[in-house]
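This briefing covers a predicted model. It takes two buried side chains, then aromatic rings, then pockets.

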Amino acid sequence: MGRVNFGAKPLMYPQPVLIIGTYDENDVPNAMNAAWGITTDFKEITISLSDHKTTDNLKVKKAFTISMATEDQVIPCDYVGIESGRKIPDKFTKAGFHATKSEFVDAPLIDELPLVMECKVKSFENGILIGEIVNISADESVVTDGVVDITKVKPISFDPFGNTYFGVGAKVGNAFKDGMALK
C-alpha cells in the first residue's frame, strides 16, 4: 500500500471547535468559531485568527472566553463561524446564545455551552492570539464527582479533510498509566 500526499495544509486530528466569546465597546456579546487553537502552557492558549469583529473586540476589552462547541449546539456553533459579526451585529442572539458576564474577565460566558476557559489577552501579534487562562468553569450538569465528564460535555472536533464535525468516541485507554505496562 502506498501513501496519498495532500501537500502542505493544516490537516490534523483532532481539531477542537472553539467558540470565542467577546464583548464590544458597548458590552454587546459576540461569538466566533475557531479551529486553530491549542493550549500551549499550563495557563495559556494560543489561537490563530485573521481579522474579525472578535479581533476588534479583543483590542477594546483585552479579554475573551473559549467555549467548547458541543454536539447539542452544532448548528449555532457553525453559524457563528460562517456569519460575520461586522455584518450581523446581533449574530450572538440570532444563534440562540445567551450571555452571562464572566466573574473573572470582561467577556461573556455562553450559557448554552457548558465548558469554558476565561482568558485575558497576553498578546495578539501577526494573527496569533495568546491568552492567559484565568479560570475554567463548567456547568454543574457536566460535572460528576468533582470532575468534568467528557461524555456529558459532548465536545465536537472539526474534520478539515471532509469539512465535517465529529463527536468524541469511546474511551480507549488511561493516560499516564497504560504505557507503564512497557516499563
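Asp24 is buried, because its relative accessibility is 8% and the cut-off for buried is under 20%. This residue sits in the loop between β2 (18–23) and β3. The model is predicted, and its values are computed from the atoms.

**Asp24**

- The Asp24 side chain makes a polar contact with the backbone nitrogen of Asn26, at 2.8 Å.
- Beyond its neighbours within four places in sequence, Asp24 is in contact with Lys53, Asn57 and Lys61.

**Thr65**

- Thr65 belongs to strand β6, which spans residues 63–68.
- Its relative accessibility is 0%, so Thr65 counts as buried.
- The Thr65 side chain reaches out to the backbone oxygen of Pro108, and the distance is 2.6 Å.
- Pro108 also appears among the residues that Thr65 touches, once those up to four places away in sequence are set aside.
- Ala107 and Leu109 are on that contact list too.
- So are Ile19, Ile20 and Gly21, as well as Val116, Met117 and Glu118.

**Aromatic rings**

- How many aromatic pairs does a search of the whole structure find? The search finds four.
- One of them joins Tyr13 and Phe161, with 5.3 Å centre to centre and 40° between the planes. This pair is tilted.
- The Tyr13–Phe161 pair links distant parts of the chain, 148 residues apart. Tyr13 is in the segment before β1, and Phe161 is in the loop between β13 and β14 (164–167).
- Is Tyr13 buried or exposed? Tyr13 is exposed, because its relative accessible area of 54% is over the 50% cut-off.
- Phe161 counts as partly exposed, at 40% relative accessibility.
- Phe158 and Tyr165 have ring centres 6.2 Å apart and planes at 55°. That pair is tilted because the angle falls between the cut-offs of 30 and 60 degrees.
- Tyr165 is partly exposed, with a relative accessibility of 28%.
- Phe6 joins Tyr13 and Phe161 in one aromatic cluster.

**Largest pocket**

- The largest pocket holds about 490 Å³ of space.
- Its lining has 19 residues, and the closest to the centre are Pro14, Gln15, Pro16, Val17 and Ser157.
- Which elements give two or more residues to this lining? They are β1 (15–16), β4 (37–41), α4 (150–153) and β13 (156–159).
- By class, the lining of the largest pocket counts 16 nonpolar and three polar residues. It has no charged residues.

**Second largest pocket**

- The second largest pocket has a volume of about 190 Å³.
- Its lining is made of 14 residues. Asn33, Ala34, Ala35, Trp36 and Ser48 lie nearest the centre.
- Which strand gives the most to this lining? Strand β3 (residues 29–34) does, with three residues.
- Nine nonpolar and five polar residues make up the lining of the second largest pocket, with no charged residues.

Technical notes: Residues numbered from 1 in each chain as written. Predicted model: local features only at pLDDT ≥ 70, side-chain atom pairs only at ≥ 80, totals over all residues. Heavy atoms only, no water. 1 Å grid on protein atoms, 1.4 Å probe; cavity = no way out; pocket = protein on both sides within 12 Å on 5 of 7 lines; lining within 4 Å. Points joined across faces, edges and corners; volume = space filled by probe spheres on them. Helix = DSSP H or I, 4+ residues; strand = E, 2+ residues; numbered from the N terminus. Nonpolar A, V, L, I, M, F, W, Y, C, P; charged D, E, K, R; others polar. Phe/Tyr/Trp six-rings, centres within 6.5 Å; stacked < 30°, edge-to-face > 60°. Buried < 20%, exposed > 50% of the residue type's maximum accessible area, 1.4 Å probe, protein only. Polar contact = N/O pair within 3.5 Å; in protein donor to acceptor, adjacent residues only side chain to side chain. Contact = heavy atoms within 4.5 Å.
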